[in-house]
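Reader: I would like to learn how to read a protein model from its overall dimensions down to its core and its cysteines. Could you take me through one?

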Amino acid sequence: MQDHIRIRDLPARAGESVTVRGWVMTTRFSGKIGFVVLRDGTGYLQMVISKSEAGQALWETVRQLTQETSVAASGSIRADARSPAGVELALADLQVIGPSADFPITPKEHGTSFLFEHRHLWLRSRRQVAILKVRHEVEQAIRDYYHREGFYLVDSPILTAAQGEAGGMFETEYFDLGKAYLAQTGQLYVEAAAAALGKVYCFGPTFRAEKSKTRRHLTEFWMCEPEVAWYDSNDNMRLQEDFVSYVVGRTLERRREELKELERDTSTLERVTPPFHRISYNDAVAKLKALGGNIEWGQDLGGDEETQLASQFDKPVFVFNYPKEVKAFYMKRNPDDPRTVLNNDCLAPEGYGEIIGGSQREDDYDILLSRIREEKLPEEAYGWYLDLRRYGTFVHSGFGLGLERTVGWICGTPHIREVIAFPRMMHRLWP
RNA sequence: UCCCGAGUAGCUCAGCUGGUAGAGCAGGCGGCUGUUAACCGCCGGGUCGGGGGUUCGAGUCCCUCCUCGGGAGCCA
């Protein structure tokens, strides 16, 4: 396919005359010489203009360029050690396509509030471009991994009927059927699909109406949820560590430049290879107590405890077999200790917390039904889910990986809201 | 919902025990032939988040409301 010349391809074109299209990031003038940095999404190009060599008209045009003006610029590509990219364009002609006056985001300090109000424009900055590219790589790596491993992609519904605690769910009117809710998870649906296809995953947006205000929460986020027939909890953890290692490795391999732009120390990412550390909930509580924590057996791990625990390890750690009281009804009870279930969380290092929550699923009809009743969930809403145990039940396991938490960890961002193009949070629905 | 913190120039902030508004950057003009958030000189720029109160006098103290940030809970 014929395409415009991209900045990315210019180093190979030294000596040629080219025309590139893009947006002006900065201009600098030093008397009779000027520099314009152009961005086109593939890279950054320093363009040079000399007053003595350019005509008066071109000099004036370039002199008056403002931040984010879109232009078509022509000139010859030449190697120069003084240029950041090693090559630069000697301007011979420049057409302004779209002027840009008073661009709000100057190359200076801004607060997060201001930046998120201008998110649609902030996306053009170097850091945001780098983050978007890493996110793209992670998403593509996820799809490639599951495709390679023989999984089928099954898209789960986003509009769902009530399935119990509708608290924490966004609701909307749904014709004559009453209320519909935006999905919090696709898991129940991929369990059904696993009985049809064996190895499946869904990957899409999910919604939580919780009034969360932390660096790890969004009201709309993306989640990848694999579900595998005949995998038990140990198989599940092996899949997780292989999967996460692939995604991290792939990003290191293909997005070095972006991670460098983000000033990410990649040494901790280099260590992300199987096997991950494993610690039971029982041992985790003992360890936290030994470290001075005041956690008691039976309590869920809080954010601080997760961070403290993860800091004991040099790569991701699985915490497995939690008390059933703090976990969901569908998790399979542990035959060796009925107080606990066969689940695991995966905690990322460096304080990024829980990037995965997974479990073996309860496959016994009667036990699942009794768990639904214990939790006082509406039985009728789970009829179809119970059917999966009535018609050829099967051992199966799966997990959910939070995309933004994973990308935030890989990028080293202080808050996950920065790794999604248009974050949705309690106080942000715009732009 | 709870606990902290913050709202002052376009942006980021300073402004002491109350005395009548300041800096850097951005913008405008001028200078500079190798800049990397360039640099140097000059210039314009404000309902101090809203409302109420105390006071001779409030950006500053008190009350209240609004907005935003961080954390908790919930979880990915």
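Author: What follows is a short dialogue that goes from the whole chain to its interior and then to its cysteines.

Reader: Where should I begin, and how many helices and strands does chain A have?

Author: Begin with the status of the coordinates, since this is a predicted model, and then take the inventory: the secondary structure of chain A comes to 13 helices and 16 strands, and its C-alpha atoms fill a box of roughly 85 × 55 × 40 Å along the principal axes. Among contacts between residues at least 6 apart in sequence, 66% join residues at least 24 apart.

Reader: What share of the residues in chain A is buried, and what does its accessible surface come to?

Author: Of the 431 residues in chain A, 49% are buried, while the accessible surface comes to about 20,900 Å², with 50% of that area belonging to carbon and sulfur atoms. As for charge, chain A carries 54 positive and 62 negative charges, and the mean positions of the two sets are 5 Å apart.

Reader: How should I read the largest nonpolar core, and which residues touch the most other members?

Author: The general idea is that in soluble globular proteins nonpolar side chains tend to be buried together. Here the largest nonpolar core has 39 residues, and those touching the most other members are Ile142, Tyr146, Phe243, Val244, Trp409 and Ile410. The elements giving two or more residues to this core include helix H4 (126–148), helix H6 (233–254), strand E14 (343–348) and helix H13 (403–411), and H4 supplies the largest share, eight residues. Apart from this core lies another, of 22 residues, among them Val36, Met47, Trp59 and Ala73.

Reader: Which residues is Ile410 in contact with, leaving aside its neighbours within four places in sequence?

Author: With those neighbours left aside, Ile410 is in contact with Val134, Val138, Val247, Val248, Thr251, Leu259, Arg264 and Leu269.

Reader: How many disulfides does the structure hold, and why is Cys202 not bonded to Cys224?

Author: A disulfide is a covalent bond between the sulfur atoms of two cysteines, and the structure holds zero of them. The sulfur of Cys202 has its closest cysteine sulfur in Cys224, but the two are 7.3 Å apart and therefore too far for a bond, given that a disulfide is counted for sulfur atoms within 2.5 Å. Cys202 is itself buried, with a relative accessible area of 3%.

Reader: How far is the sulfur of Cys346 from the closest cysteine sulfur, and is Cys346 buried or exposed?

Author: For Cys346 the closest cysteine sulfur is again in Cys224, at 13 Å, which is too far for a bond, and Cys346 counts as buried at 0% relative accessibility.

Conventions
Residues are numbered from 1 along each chain as its sequence is written. Chains are lettered from A and ligands numbered from 1 in the order in which they are written. This is a predicted model: local features need pLDDT of at least 70, side-chain atom pairs count only at pLDDT 80 or more; totals for chains, interfaces and linings use all residues. Side-chain values use heavy atoms; hydrogens and water are left out. Helices (H or I, at least four residues) and strands (E, at least two) are DSSP runs, numbered from the N terminus. Buried means under 20% relative accessible area, exposed over 50%, partly exposed in between (1.4 Å probe, protein chains only). Contact means heavy atoms within 4.5 Å. Accessible areas come from the Shrake-Rupley method with a 1.4 Å probe; for residues, only the protein chains shown count as cover. Lys and Arg count as positive and Asp and Glu as negative; His and the chain ends are not counted. The place of a charge is taken as NZ of Lys, CZ of Arg, CG of Asp or CD of Glu. A nonpolar core is a set of buried Ala, Val, Leu, Ile, Met, Phe, Trp, Tyr and Cys residues joined through side-chain atoms within 4.5 Å.
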